[in-house]
Amino acid sequence: ECVRMSRLIDDMLLLASADARTWSLQRKETDRDPLLIDLYEAFQPACQEKGISLHLDLPADSLPHVLCDPDRIRQVLMVLLDNAAYYTPAGRSIFIRARVNERKRILELQVMDEGCGIAPEDKPHIFDRFYQADSARSDKQHFGLGLSIARELVLLHQGTIGLADNPGGGSCFFVRLPC
């Protein structure tokens, strides 16, 4: 219980910093390939334990470097992967994908799951603070702050974050960053 409260306090302090516009980024030129490979390797054991297949789909050419705070982008993707792992049942898959739109100079990162998806009435609120589409999740280590923190971090990078349905069932969260 003490760990749970500590996590809630940390999350609230992060959001208070975002509200006060005192959240700072440590921007540096970042190679996306190693960041995504590291995330894949970090989540692979937990997914295997749960019987979920985790896939990493990178373009054949190296992704462009992006000026960003790699720790904060890692944090965003960890929130998305944690949610995907929670909602994806055994025997299904999660995909981490990266695409580049050269014309618009945008890097798009996706976390797509084959879970239960998000109900249409929940979609407008999914990035709201303390919003939980699944009330059973309140018994876990989650408070409904992860996606709102992810949104704040992406906005600080002048990017966008959003949600789409996975055509095969489940959800597809995307992060678009300028490159």
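**Helix packing and sheet arrangement**

In this predicted model, helices H2 and H3 cross in the right-handed sense. Their axes lie 11 Å apart and the packing angle is about 25°. Angles under 35 degrees count as roughly parallel, and H2 and H3 are therefore roughly parallel to each other. On the H2 side the contact is made by Arg32, Leu35, Leu36, Leu39, Phe43 and Lys50, which meet Pro70, Ile73, Arg74, Leu77, Met78, Leu81, Asp82, Ala85, Tyr86 and Tyr87 of H3. Sorted by class, this contact of H2 with H3 comprises 12 nonpolar and 4 charged residues, with no polar residues.

One of the H3 residues in this contact is Leu81. Leu81 has a relative accessibility of 2% and so counts as buried, the limit being under 20%. Leaving aside residues up to four places away in sequence, Leu81 touches Leu39, Phe43, Leu54, Ile94, Ile96 and Val111. Of these, Leu39 and Phe43 also appear among the H2 residues that meet H3. The C-alpha atom of Leu81 is separated by 9.8 Å from that of Gln110, a residue 29 places away along the chain.

Helix H3 (residues 70-87) also packs with helix H4 (residues 146-156); the two axes come within 9 Å and cross at roughly 150°. That angle makes H3 roughly antiparallel to H4, since angles over 145 degrees are classed in this way. The crossing of H3 and H4 is left-handed. H3 contributes Arg72, Gln75, Val76, Val79, Leu80 and Asn83 to the contact, and H4 contributes Gly146, Leu147, Ile149, Ala150, Leu153 and Val154. The classes represented in the contact of H3 with H4 are 8 nonpolar, 3 polar and 1 charged residues.

The model further contains an open sheet of 5 strands, arranged in the order S2-S4-S5-S7-S6 with mixed pairing. Strands S2 (53-57) and S6 (160-165) form the edges, each pairing on one side only. From one strand to the next, the twist averages 15°. In general, the strands of a sheet pair through backbone hydrogen bonds, in either a parallel or an antiparallel manner.

Within this sheet, strand S5 (residues 106-113) and strand S7 (residues 171-178) run antiparallel and are joined by 7 bridges. Met112 has Cys172 of S7 as its bridge partner, while Leu107 stands opposite Leu177 of S7. The pairing of S7 with S6 is also antiparallel, over 6 bridges, and here Thr160 stands opposite Arg176 of S7. S6 and S7 form a hairpin with 5 residues between them. In the turn of this hairpin, Gly169 has a positive phi of about 100°. Strand S7 is mostly covered, with 6 of its 8 residues buried.

Helices also pack on the sheet. Helix H2 (residues 32-50) lies across S2, strand S4 (93-101), S5 and S7, and runs at about 175° to S2. Helix H4 touches S6 and S7 as it packs on the sheet, and its direction makes about 130° with that of S6. Strand S7 is thus in the path of H2 and is also touched by H4.

Methods. Residues are numbered from 1 along each chain as its sequence is written. This is a predicted model: local features need pLDDT of at least 70, side-chain atom pairs count only at pLDDT 80 or more; totals for chains, interfaces and linings use all residues. Side-chain values use heavy atoms; hydrogens and water are left out. Axes are lines fitted to C-alpha atoms, for helices over the stretch in contact, and angles run from 0 to 180 degrees between N-to-C directions. Helices (H or I, at least four residues) and strands (E, at least two) are DSSP runs, numbered from the N terminus. Angles under 35 degrees count as roughly parallel, over 145 as roughly antiparallel, 65 to 115 as roughly perpendicular and the rest as oblique. A crossing is left-handed if the near helix is turned anticlockwise from the far one by less than a right angle, and right-handed if clockwise. Contact means heavy atoms within 4.5 Å. Ala, Val, Leu, Ile, Met, Phe, Trp, Tyr, Cys and Pro count as nonpolar, Asp, Glu, Lys and Arg as charged, and the others, Gly among them, as polar. Two strands pair if DSSP finds at least two bridges between them. Buried means under 20% relative accessible area, exposed over 50%, partly exposed in between (1.4 Å probe, protein chains only).
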